[in-house]
Structure formats: structure tokens, C-alpha cells
Amino acid sequence: MKLHKHILIPLFAVSLFLSSCEKPFDELEQDPNRPTSAPASLVFNGILNDMYGIAGGGGWNDAQRYNQFYASNYNYYATNEYSWTSTGLYYTTLKNVLKMEQEAKKAGLADVNAYSALGKFFRAYFFENMTKRVGDIPVTDALQGLDNSTPKYNTQKEVYVQILKWLDDANTDLTTLIAKADNNLTGDIYLGNSLAKWQKVVNSYKLRVLISLSKKEADTELNVKARFADVVNNPTKYPLMTSMDDNLQYIYNNAFNKYPRNPDNFGQNATRENMAATYLGALTSLKDPRTFVVAEPASAKIAAGAKPTDFAAFVGASSGEDLAIMSSNANQGIYSFQNRKRYYSTYTAEPYIIVGYPEQLFTIAEGINRGWAAGKAEDYYKQGIQASWAFYGLKDGANTVYFSADGGYKVFNTYTVNVSFADYYGQAAVKYADGATGLTQILTQKYLAFFQQSGMEPFYNQRRTGVPTFLVGPGTANSQRIPLRWQYPATERSYNTANNSAAVTSQYGGTDDINAAMWILK
């Protein structure tokens, strides 16, 4: 009997093995502990977080140094060099956009639904952010997985034609859904699931895209001037933002989503970063009260007798300064640091604007200045400045400002600053002038309003217009040049070699050069 028992056990095991082999391989390879689907709202939430990351992921990061808003004076953590190499691309997030749309359909939503409408906007957003970095990219053949692992590249013009179509289609679909009072959107961390607010973002973003094509205003296929005028002149068809409440922005909290500069990291970076001259110098030259909200007076200036509320007490460093010299100067109190009250005393500081109302106002002002639409550029220009001032809590009359009493973030001296917008605007350098001077004024104020916001958008505006003048020197490297683009990712060179090589050859003469101009800049 023992022999029979020993024989039966292995025979039973063999029978189990044979029965398991009858299952298809695709079933055997599935991990029962790994989900294969998720609600559309959950995927949507992840995409929104990716938008924040791609838009710079908050203030005081690499993008904001490239924007010359602040500078690093401590090379262990960062430099101010523009020694760029390759960039990442966002096809993984775009795959999630496809997944979001699929899950919405699986849940029984109609072909035109909130997720599909916003999916078109997300395509425009992520593809546009990629093409602005490198130039030509795969679009038509992209996102096909194993069916096409070597997608051909679309020209940058083709990419922008498609982007504008997606934005138009998103606006049309949102109009339809809003008219039906559709309320299927959930998981929104930005706009409270409001399709009406999302529609304003879509159209504001369309204006951003159109103004970025200013060098192509004569292209009849793009037709940027007429498209721009159509948006500005038809608020019923193309609703736009009407206040700061419409901003697409990331709100910080005291728990898991803390502002990038806060009490926890004061000791790590507070004195290793100082204000940049490009930005702070523009503020002080205009006697702009935003100076007192964003920066600390330089301690060396105070020691020499300046008052904390003198504009002359605020000094930024040239981003091009040799890093060793900048470090020494910062340690001697020659430069201004970030305002300790606003940026270090709490965990919430200020919202991070991805697409915002002030930008929209300055964009419309620029379009009118260029003759693209009817209207008074000055009105939008003034409103843009006032919206930015309001973001910093500035108002006509007495304003309380705070400067560190001891260099830290806990004890502050308070001062009263009297502000008059009329007096500020009455300055010749601020009061709007028509023509080229007015355009420079608009672009300067747009740059100031972008401070620590919207990722690389200030850089892209400067790259397109030359305003403001970015400072260069040994500290910025790259032979004292501001680069125009990033190189393609190494994965493209390795796994999509032929198509990548063809794109580099057609655009840049065969050299993946960070200083070469892409199509939109020519």
C-alpha cells in the first residue's frame, strides 16, 4: 500500500501540471495581483499630476533658473549653466490619455464625453510641450505600441496643424457637453470638475499656441492671425478666462503636497540660492512694489545705510557670473535672497499656475499690438499688470511687507509701503506706447508676471522674442550662448535610429545641436 501511495501523489501532480498547460499563454502570464483596468477618473487624476510635473513641478527648480528668475550660488546642488543634453518626452503620459478614454467608454459613456473632450486637450498640451523642446516628433504614427515601434516623424508644422485641430475639437465637444449639463467628470484636482472652466483653459491655451507661432504669421495654412482674432472676438464660441479664479493651477497643502520652498528645507537651500539680476533688476528699474514681496533686501546694502524699502537695497546676480564669485558675493550679503516670509514661513506659499489669467491678458495685448485682432492693447496690458499685482496681494494704499529680522524664516520686521498703481503706470517706462516699444513693454510685464510659474514658458517667450535680454557669461557655459532646444532622447537614437536620423538631418543638418533653431523660430 505504501508503494501505491507513493505512485499516486506524483501522478496527481502531473495531472495538475497537464491541466494548467491547457490555459492559453496570455492567461498564464497575467499577474492576478496587478490591476488591468482603472476608472477613467483615476487615470485622469494621474494625467493632471503629470501636467504639473511637465509644467516645471513648482517654483525654484531648474526651469526657473533657465528663466533667469533666480540663481544657484552653490555648485554642489546646482549651477546656472545651459549645458543641456537630451530631454525626456511624454509618450507614456499620452498612453494614459488613451487608456482614460478607453475606460470612459467601458464605463458606458457616450462617444463624446468629458474624458474624450479633455483627451484632445491633453494631446495638444503634451505634444506641444514636446515639439517646443526638440522640433519634429512622431505624432501620426505614435502611440501604436508593438504595431509600430519605429514611428516616422512629423514636421513641426504638421504637429502644430494637428495641435490646433485638437484644441478646436476639444472646444466644440465641451460646448456640446456643457449644453447638456454633463456631470460625468470626476477626479479633477484643478477646476472642481467644471467643464466650463476647462473650456476657458482650452481656449486660453490656444492663444498661447497661436502667439508662439508669431514668426509664422504669414503661413496661410496655419492662418494664425485669423484664428487668434476669431478666439478674441467670439467669447460665446470661445469662452476665455475672466479672472484669477479661472487659473489652471496647483494648490499646495501642509501634508503631502508642500510648496518646494518651506520650513523643512530652509537650511538646505535658503542661502545657496539668490535672486537673478534679469528678473529683480527689471522690477527695481521700474520701481515695482512686487520687489518687496518676492525678495529680501541685500544685507550689505542695509549695512551701508540703505532702507529696507529702498529699491536700491535689492540686488540680483547675473546668471552669467562665475559661480565662485557669485558664491563669495552671496556670502558677503551683496545679493538679495528669496523673501523669507512668502516662500519659507509656510508650506503653501502660493499656487503654481500652469495656464493663467495674467498670461492670457498679455497674450491678447501682444496679438493686438501685432495687428492680429481689433481692440486696445493698452487695456489688456494694464489689466495684466493689475492681475499680477493682485496675485501678490498688492493694492492701492498702505501695504505691509515683511523682511527677515535675523536671516531666518520665523521672526520678521514689518514695514509699510504705500502703493499707487496710477503713479506706477505713469512712469514713461511703464505707460503703454504703441509699436515696437509697446510690444517690449507687454513682453517685459508678461515675463515679470510669470515669476516662478508655468515651467519653461517664460524661456520660450524669451527665445521667440528676445525679451528680456538674458544675461550670459562664464557661469552660463555653452560658450556664453543661450541654447534654443534640447537633444532628442537617447532612446530615439538607439531604437528609432533611421527616423530620428532623418529628422535631425532635415532640421539641423545632421547634428543634434542645442544651439540650432527649430522651424517655429525661423
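Contact is taken here to mean heavy atoms within 4.5 Å. In the predicted model, Gly333 touches Ala298, Ser299, Ala300 and Lys301 by this criterion, residues up to four places away in sequence being left out of the count. Gly333 is situated in the loop that runs between α14 (323-331) and α15 (340-344). Its relative accessibility is 5%, so Gly333 counts as buried, the limit for that class being under 20%. Val315 precedes or follows Gly333 at a spacing of 18 residues along the chain, and the C-alpha atoms of the two are separated by 9.8 Å.

A second loop position, Ser319, is found between α13 (299-303) and α14. Ser319 likewise counts as buried because its relative accessibility is 2%. With residues up to four places away in sequence again not counted, Ser319 touches Gln68, Asn80, Ala276, Leu471, Gly475 and Thr476.

On the surface, Tyr74, Tyr76 and Tyr77 form a nonpolar patch, with a joint accessible area of about 370 Å². Of these residues, Tyr77 belongs to the loop between β1 (70-72) and α5 (91-106). Tyr77 counts as partly exposed, given a relative accessibility of 42%.

The largest pocket has a volume of about 410 Å³. Its lining comprises 18 residues, of which Tyr91, Lys95, Ser149, Pro151 and Glu492 are the closest to the centre. Helices α5 and α21 (490-495) each contribute at least two residues to this lining.

Side chains of opposite charge can pair when their charged atoms come close. The model contains 25 salt bridges. One of them joins Glu103 and Lys99, with an N to O distance of 3.2 Å. The two residues are four apart in helix α5 and are therefore separated by about one helical turn. Glu103 counts as buried at 7% relative accessibility, whereas Lys99 is partly exposed at 27%.

Other salt bridges connect separate helices. Arg227 pairs with Asp168, the closest N and O atoms lying 3.4 Å apart. Because Arg227 lies in helix α9 (residues 224-233) and Asp168 in helix α7 (residues 156-179), this pair ties together parts that are 59 residues apart in sequence. Arg227 is partly exposed, with a relative accessible area of 23%. A further salt bridge is formed by the side chains of Arg208 and Glu457 (3.6 Å, N to O). This pair links distant parts of the chain, with Arg208 in helix α8 (residues 195-212) and Glu457 in helix α20 (residues 457-465), 249 residues apart. Arg208 and Glu457 are both buried. They also belong to a network of salt bridges that links Glu128, Lys132, Arg208, Glu359 and Glu457.

Terms used
Residues are numbered from 1 along each chain as its sequence is written. This is a predicted model: local features need pLDDT of at least 70, side-chain atom pairs count only at pLDDT 80 or more; totals for chains, interfaces and linings use all residues. Side-chain values use heavy atoms; hydrogens and water are left out. Buried means under 20% relative accessible area, exposed over 50%, partly exposed in between (1.4 Å probe, protein chains only). Patches are made of residues with over 30% relative accessible area and no salt bridge: like charges are joined within 9 Å, nonpolar side chains (Val, Leu, Ile, Met, Phe, Trp, Tyr) within 5 Å. Accessible areas come from the Shrake-Rupley method with a 1.4 Å probe; for residues, only the protein chains shown count as cover. A salt bridge is a side-chain nitrogen of Lys or Arg within 4 Å of a carboxyl oxygen of Asp or Glu. On a 1 Å grid over the protein atoms alone, a cavity is a set of points where a 1.4 Å probe fits but cannot get out, and a pocket is an open set with protein on both sides within 12 Å along at least five of seven lines; lining residues have an atom within 4 Å of a point. Grid points are joined across faces, edges and corners, and a volume is the space filled by probe spheres set on the points.
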